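Dear colleague,

I am handing over the structure below for your records. My findings follow directly after it.

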Amino acid sequence: MPHTQKPKKPVVVVTRKLPDIIETRMMELFDVKLNLEDKPMSVAELKEAIAEADVLVPTVTDVINPAVLSAAGDNLRLIANFGNGVDHIDLATCRRKGISVSNTPDVLSEDTADMTLAMILATGRRLAEGERVARSGKWEGWSPTWMLGSRINGKRLGIVGMGAIGQAVAHRAKAFGMSIHYHNRHRVTEEFENGVDATYWESLDQMLARVDIVSVHVPHTPATYHLLSARRLKLLQPHAYVINASRGQVVDENALTRMLVNGDIAGAGLDVFENEPAISPKLLNLDNVVLLPHMASATVEGRVDMGERVLINIQTFMDGHNPPDRVIETMF
Ligand code: 8YV
């Protein structure tokens, strides 16, 4: 009897620990190499992984630069990123080498928007500061003039980047009584604008000078690096707050820190930093900032949804089609 060989399963290398349910499914579908210890891979380990992989599943903590990509064999066809942002992957080199790249959009928009609102509330209403006092055992009791924050209702929120996350933020902020202003490469639909009474600002500079809170929701690309530059940050009013749940590189962190230290703006809510996981000690010493360790999208449900998008992208690619969440054109 002729011996029929089962088709070879693709070798999928996953760089970090993913939700159990996703890893189980991956084991069923692929010849998968998991990182059960969740120890971030060194450059040498990444190179080793990339050399044997048909598909690599990295996360934001893996820098997939030209040096790492130089180790890729001809077999590496897809980088299925576990995450929305792909600024840690050198897309130009991938394109040149014919490697497809996909991400996990949409599934983290609502969670990230929730955390953005949490930072808006926490900065304006001094939530983290109050919590620190309550825990310190040094609370001396209520006083009419102590721990006063700044009212959220009626404030002007300037959203930089009106994609899925920016829009989810706008809906929430509207419900909190804020007025919505936004700057984007292009105007969004009239239906959306009318729904949240949004004002479009073609000029980012002009918007910055007029809002009370600015929240950043653009991806980090060469065009958005330090979009909130030292010059632009200086346009903000002294009572303004800066919120960032996108990427640290979009805001000039040194300039922002200087302004916070000097009291040139009221405060900041930061979930992302330029040199993660390092956070400047100057920021750590400030009471008027709320600092979070890149956790805006960190929900149990969100991580499973992200994993499912990764699975769909890999499976679709292996079936000979473009992955639905491709971020660069493939050879198909
Ligand atoms: C993710 C993020 O946690 O998806 C993104 O771009 O910034 C985060 O919310 C992380 O990237 C997972 O890789």
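In this predicted model, strand 6 and strand 7 (residues 179–183) run parallel and are joined by five bridges. Within that pairing, Leu157 of the one strand faces Ile180 in strand 7. The connection between the two passes through helix 7 (residues 164–175), and together strand 6, helix 7 and strand 7 form a right-handed β-α-β unit.

Strand 6 also pairs with strand 9 (residues 213–216), again in the parallel sense, over four bridges. Here Ile159 stands opposite Ser215 in strand 9. Strand 6 itself (residues 156–160) is mostly covered, with four of its five residues buried.

These pairings belong to an open sheet of seven strands, whose order is 8-7-6-9-10-11-12 and whose pairing is parallel. Its edges are strand 8 and strand 12, each of which pairs on one side only. Further along the sheet, four bridges link strand 10 (residues 241–244) to strand 11 in the parallel sense. Tyr241 has Gly267 in strand 11 as its bridge partner. As general background, the strands of a sheet pair through backbone hydrogen bonds, either parallel or antiparallel.

The ligand site

Which residues surround the ligand? They are Thr59, Val60, Phe82, Gly83, Asn84, Gly85, Leu108, Arg247, His294, Ser297, Arg303 and Met306. By character, this shell divides into four nonpolar, six polar and two charged residues.

Three polar contacts to oxygen atoms of the ligand may interest you. A backbone N or O atom of Phe82 lies 2.6 Å from an oxygen atom of the ligand. A polar backbone atom of Asn84 is likewise 2.6 Å from a ligand oxygen atom. In the case of Ser297, the contact comes from the side chain, where an N or O atom is 2.6 Å from an oxygen atom of the ligand. On its own the ligand has 330 Å² of accessible area, and the protein covers 89% of this.

Backbone features

Most residues other than glycine have a negative phi, and most peptide bonds are trans. Three places in the model may be read against that background.

His294, one of the residues around the ligand, has a positive phi near 45° although it is not a glycine. His294 is located in the loop between strand 12 (289–291) and helix 13 (300–318). Is His294 buried or partly exposed? His294 counts as partly exposed because its relative accessibility is 27%, which falls between the 20% and 50% limits.

Asp197 is another residue other than glycine with a positive phi, here of about 55°. Asp197 sits in the loop between helix 8 (190–196) and strand 8 (199–200).

The peptide bond between Glu276 and Pro277 is cis, with an omega of about 5°. Pro277 lies in the loop between strand 11 (267–270) and helix 12 (281–284).

One exposed position

Val300 belongs to helix 13. Val300 counts as exposed because its relative accessibility is 67%, and the limit for that class is over 50%. The C-alpha atoms of Val300 and Asp212 are separated by 33 Å, and these two residues are 88 residues apart along the chain.

With kind regards

How values were computed: Residues numbered from 1 in each chain as written. Predicted model: local features only at pLDDT ≥ 70, side-chain atom pairs only at ≥ 80, totals over all residues. Heavy atoms only, no water. Buried < 20%, exposed > 50% of the residue type's maximum accessible area, 1.4 Å probe, protein only. Pairing = 2+ DSSP bridges. Right-handed = clockwise from strand over helix to strand, strands pointing away. Near = heavy atom within 4 Å. Polar contact = N/O pair within 3.5 Å; in protein donor to acceptor, adjacent residues only side chain to side chain. Areas by Shrake-Rupley, 256 points an atom, 1.4 Å probe, with all protein chains shown as cover. Nonpolar A, V, L, I, M, F, W, Y, C, P; charged D, E, K, R; others polar.
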